[in-house]
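Here are my notes on the model you sent over. Have it open while you read, and skip around as you like.

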Amino acid sequence: MDRYTFLQRSLCASTALLAAPLMHRAIGAPHEQNIAEPVVHPFPTPGPSDLGLEQIKLPYAYEALEPYIDRQTMEIHYTKHHRKYVAEVKAALDAEPVKATNAEELFAGVSVCSPKLRNNAGGAWNHNFFWQVMKPGVSVMNARVKDALVGSFSSVEAFKEKFSSSAKERFGSGWAWLVKTPEGRLEYGSTPNQDNPLMDVSDLRGTPLLCLDIWEHAYYLKYQNKRDEYITQWWNTVNWDEVARRLG
Ligand code: MN
């Protein structure tokens, strides 16, 4: 267990310890007023903005990615789905102290946090990332990204095929990813729900370079049951400059 995981686990354990006397009192003394006492955090807990989990401004208009992603889907996705994750992160952090100073630290120890915090922090972060790796108009892949993809997957087309297959094969809701591993290799894969490759619970680990939202809410209005078609068309929206920037 590294030092950060140890710290994070200690913090979540301290939450359990704080909650225990309240539960005992509620069970053991029913005549007492059964009103939950406010949880006193042993240290200041960060808010969404401290962790970089506020919703970013959409970098383009709702209709900008048409015809591949329609205006109504983008608007509902951004103003309803994403906004709700961000709001719920705040509620989760109010209830559950964490000592992380940024999203990466939070995710690195997320296995000991509540499902509510994990799911909503993931939802807030993943969508911010998703909006940025798309852009309207033609985006040309630069030589560095191309070389990295060819080096890892033999060709750009082979990479796209593998990434797309991974997205198509994800059962239920989730995300597809391209990541850079700590060893500098590129890998692809998918995560369930709102998990991401920065989370210690994820099978796929690494620095995200590209992601695709494959929840039905991301495509159903336009593509209905045709998830494969959504995935195929989505490649037309990829912002390769952003991938290059994250590749470093
Ligand atoms: Mn989504």
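1. Cysteines first. Cys113 counts as buried because its relative accessibility is 10%, and Cys211 counts as buried because its value is 0%. (Buried is under 20% relative accessible area, exposed is over 50%, and partly exposed is in between, with a 1.4 Å probe and protein chains only.) As for disulfides, meaning pairs of cysteine sulfur atoms within 2.5 Å, the count is zero.

2. A word on what you're looking at. This is a predicted model, where local features need pLDDT of at least 70, side-chain atom pairs count only at pLDDT 80 or more, and totals for chains, interfaces and linings use all residues. Residues are numbered from 1 along each chain as its sequence is written, and side-chain values use heavy atoms, with hydrogens and water left out.

3. The overall layout. The protein chain has nine helices and three strands, and along the sequence they run α-α-α-α-α-α-β-β-β-α-α-α. (Helices are DSSP runs of H or I with at least four residues, strands are E runs of at least two, and both are numbered from the N terminus.) Of the 248 residues, 46% are buried. Take the contacts (heavy atoms within 4.5 Å) between residues at least 6 apart in sequence: 71% of them join residues at least 24 apart. The chain exposes about 12,600 Å², with 54% of that supplied by carbon and sulfur atoms; these areas come from the Shrake-Rupley method with a 1.4 Å probe, and for residues only the protein chains shown count as cover.

4. The metal site. Which residues hold the manganese ion as protein donors? They are His77 (NE2), His127 (NE2), Asp213 (OD) and His217 (NE2), at 2.0 to 2.1 Å from the ion. Their sequence spacing reads H-x49-H-x85-D-x3-H. Donors here are N, O and S atoms within 2.8 Å of the metal (3.2 Å for Na, K and Ca), and since water is not among the atoms, sites may look incomplete. Asp213 is classed as buried because its relative accessible area is 0%, and His217 is also buried, at 19%.

5. Next to two of those donors. His82 sits in helix H2 (residues 71-95) and counts as buried because its relative accessibility is 0%. Leaving out residues up to four places away in sequence, His82 touches Gln55, His77, Gly123, Ala124, His127, Asn128 and Trp131.

6. Helix H6. This helix (residues 156-169) has 14 residues and spans 20 Å from first C-alpha to last, close to the 20 Å expected at 1.5 Å a residue; the expected span is 1.5 Å times one less than the number of residues. Its buried residues include Val156, Phe159 and Phe163. The buried residues of H6 pack against H5, the strands E1 (174-180), E2 (186-192) and E3 (207-213), and the helices H8 (227-234) and H9 (240-247).

7. The core and its neighbour. The largest nonpolar core has 64 residues, and Leu149 and Trp240 are among those with the most contacts inside it. (Such a core is a set of buried Ala, Val, Leu, Ile, Met, Phe, Trp, Tyr and Cys residues joined through side-chain atoms within 4.5 Å.) Beyond four places in sequence, the contacts of Leu149 include Val156, Phe159, Leu186 and Trp240. Val150, in helix H5 (residues 143-153), is partly exposed because its relative accessibility is 35%. With the same sequence exclusion, Val150 touches Ser155 and Val156. Val150 and Leu186 are 36 residues apart in sequence and 10.0 Å apart in space, C-alpha to C-alpha.
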